[in-house]
Amino acid sequence: MANANELLNPTQGSTAPSKGKPSWDQFANYVNTHLLNRPDTPGDDSGTEIDFTELKDGTLVELTEDSKDPDRACLAVWKDGEARLVDRLERDGRVFIPSPRKNEILRHVRLPKGVLPYESVQALLSRLECLISQCVDVDEKYLPVLADFVLSTWFVDQLPVAPYLSVVGLPQSGKTTLLRVLSLVCRRALLIADITPASFYHACARFMPTLLIDEARSVSCDRILRLLRSGTTRDVLAVRNNRTFYPYGAKVISWLEPPDDPALNSRCVLISMAEGKNTALVSVDEPQVQQSAADLQAQLLRFRFESYKKLQLGRIPGDEILRPRTRDILLALSAAHAHDAKRSERLLEFFQSGQGVPPEPLGPEQNAVLGALFAVTHLQKGFSSMRVGDLTRIVNLFLARAGEHLRLPPRKVGAVLTSLHCCTRTRTNSGRAISVNRQDAEKLHQLAARYGLDGFADECLSISPNDCRLCQKAGLNKRRVDAATPRRPDLDQETLNILNSVIKYRYSNLTGPQGKTHRVLRAGELEVKKKVFARQRFSPGKAQARRDAGKRKHAA
């Protein structure tokens with residue numbers, strides 16, 4: 001065989017070498033063997049490379065590692081409750097061969113070395129918890145969640161949402177050790193210390209690995225954060241250089257502190273780590289740990305084979321109180337053991353406590369508008385309307401007291417009201433006004449309970465949450481012990497004066513079907529009564545003419 005420099009300048013035309021220069025056949029063989037990692041024997045690559053597939057007759061084929069040669073891959077074939085390992089599979093007129101382990105990504109992916117029987121799914125989960133606690137000093141409340149995550153990675157291609165773990169802790173708190181243990185038992189685990197957008201695309205392009213990113217400083221890149229956010233949802237494509245990639249897949253990310261990305265944080269299960277003093281921990285490199293993990297992987301592969309076609313996502317009683325995104329994570333983690341009601345209930349309690357998934361907070365604009373509306377609706381019973389301009393003044397005062405530098409114009413306040421999907425806006429002679437009915441008030445209380453409010457003091461509420469039925473219904477009159485105390489800057493007299501002036505607004509229906517009466521009472525001004533008609537433009541002259549005609553008719 002000629003050397004590489006000679007092969008880069010082959011002789012065109014004849015397939016035979018001419019004057020010592022290689023032929024095109026030799027050049028192709030060199031490219032296949034050394035650049036594309038393909039065998040140079042024509043008969044060996046005459047097949048379709050696969051890593052997993054389901055054949056027409058229901059046979060499942062999964063990529064595994066050759067137990068005798070770690071540099072080679074083979075296929076585990078599951079048919080009629082039995083598994084066998086083969087180097088190639090001929091079926092339906094096609095030949096299937098395993099993806100070569102010389103691939104730059106696949107060579108670092110941990111694959112199962114066989115298929116072993118297991119006692120039950122409960123026994124598998126118990127062994128996973130034991131393995132993790134044996135090597136890592138982690139809070140006991142996280143052990144079931146970690147075991148459920150490992151189990152879910154073996155079915156992530158069947159789930160609508162890929163679970164994420166966000167491991168947060170100071171240096172030497174055990175984050176790296178936890179990632180190493182998880183990489184031993186997760187399906188197609190790929191442990192990396194750093195990642196770029198290009199390598200992210202390349203890693204997720206084909207094998208759908210379980211990415212474990214340690215000390216993810218580079219993940220602060222906006223492009224990678226966007227990829228991570230989109231990687232939790234199936235069928236979402238990423239396009240790069242006219243090529244499409246699927247960033248979907250289970251992931252574990254460790255950081256010193258969570259990123260400043262509420263959308264990504266709300267897609268992750270938070271695992272908080274702290275430095276421990278347990279001296280009885282076993283090293284991940286110990287032979288018994290490595291062997292136990294290898295046996296678990298082989299058993300988890302059999303469990304995947306047996307449950308692949310039976311997996312069904314089912315609702316857990318009581319999960320309706322969770323946010324939709326948190327509920328999706330719960331269903332993904334419990335899908336493989338959905339029949340175990342007690343374990344699913346414990347997992348639900350973990351998420352209900354608020355410690356599992358950090359709540360995604362509102363932005364400062366939405367928080368200020370919601371807080372202002374919530375405050376003015378508690379000024380006096382029967383409040384129903386106010387002008388958008390006055391609401392804008394209150395919102396900007398809240399922003400100022402909360403230390404925010406931005407200020408909102410009335411148009412932006414209207415846009416936020418649209419996003420909150422509450423309150424009816426109408427145009428009046430004195431400007432745009434918003435009306436709040438009971439359904440809107442219930443929605444405001446639900447939003448306040450869901451997101452929390454920041455930037456105003458309870459003292460500004462004339463009606464106490466204990467006396468408000470909607471607050472009681474939403475649980476706002478109860479302070480959770482585990483809830484963080486929000487910032488509540490003191491309001492000055494100017495803000496309180498504006499809030500109290502809102503009490504003077506009224507919005508009542510007319511007896512006639514044509515319009516409504518909007519009463520506006522401003523401080524230091526006389527009461528002005530104006531009519532707002534729904535289908536005709538209001539004219540003071542016409543109104544006066546109608547009143548004069550009515551007087552003449554009454555006099556007659």
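A crossing is called left-handed if the near helix is turned anticlockwise from the far one by less than a right angle, and right-handed if clockwise. With that in hand, welcome to helix α11 and its two partners. This is a predicted model, in which local features need pLDDT of at least 70 and side-chain atom pairs count only at pLDDT 80 or more, while totals for chains, interfaces and linings use all residues. Residues are numbered from 1 along each chain as its sequence is written, and side-chain values use heavy atoms, leaving out hydrogens and water.

Helices here are DSSP runs (H or I, at least four residues), numbered from the N terminus. Axes are lines fitted to C-alpha atoms over the stretch in contact, and angles run from 0 to 180 degrees between N-to-C directions.

| Pair | Angle | Axes | Crossing |
|---|---|---|---|
| α10 (residues 324-334) and α11 | about 150° | 10 Å apart | right-handed |
| α4 (residues 143-153) and α11 (residues 341-352) | roughly 115° | within 10 Å | left-handed |

α10 and α11 are therefore roughly antiparallel (over 145 degrees), whereas α4 and α11 are roughly perpendicular (65 to 115 degrees).

Contact means heavy atoms within 4.5 Å. Thr326, Ile329, Leu330, Leu333 and Ser334 of α10 touch Ser344, Leu347, Leu348 and Phe351 of α11. On the other side of the story, Pro144, Val145, Ala147 and Asp148 of α4 meet α11 at Arg343, Leu347 and Phe350.

Finally, the cysteines: there are zero disulfides (cysteine sulfur pairs within 2.5 Å). The sulfur of cysteine 135 lies 9.1 Å from its closest cysteine sulfur, in cysteine 130, too far for a bond.

Key: Helices (H or I, at least four residues) and strands (E, at least two) are DSSP runs, numbered from the N terminus. Angles under 35 degrees count as roughly parallel, over 145 as roughly antiparallel, 65 to 115 as roughly perpendicular and the rest as oblique.
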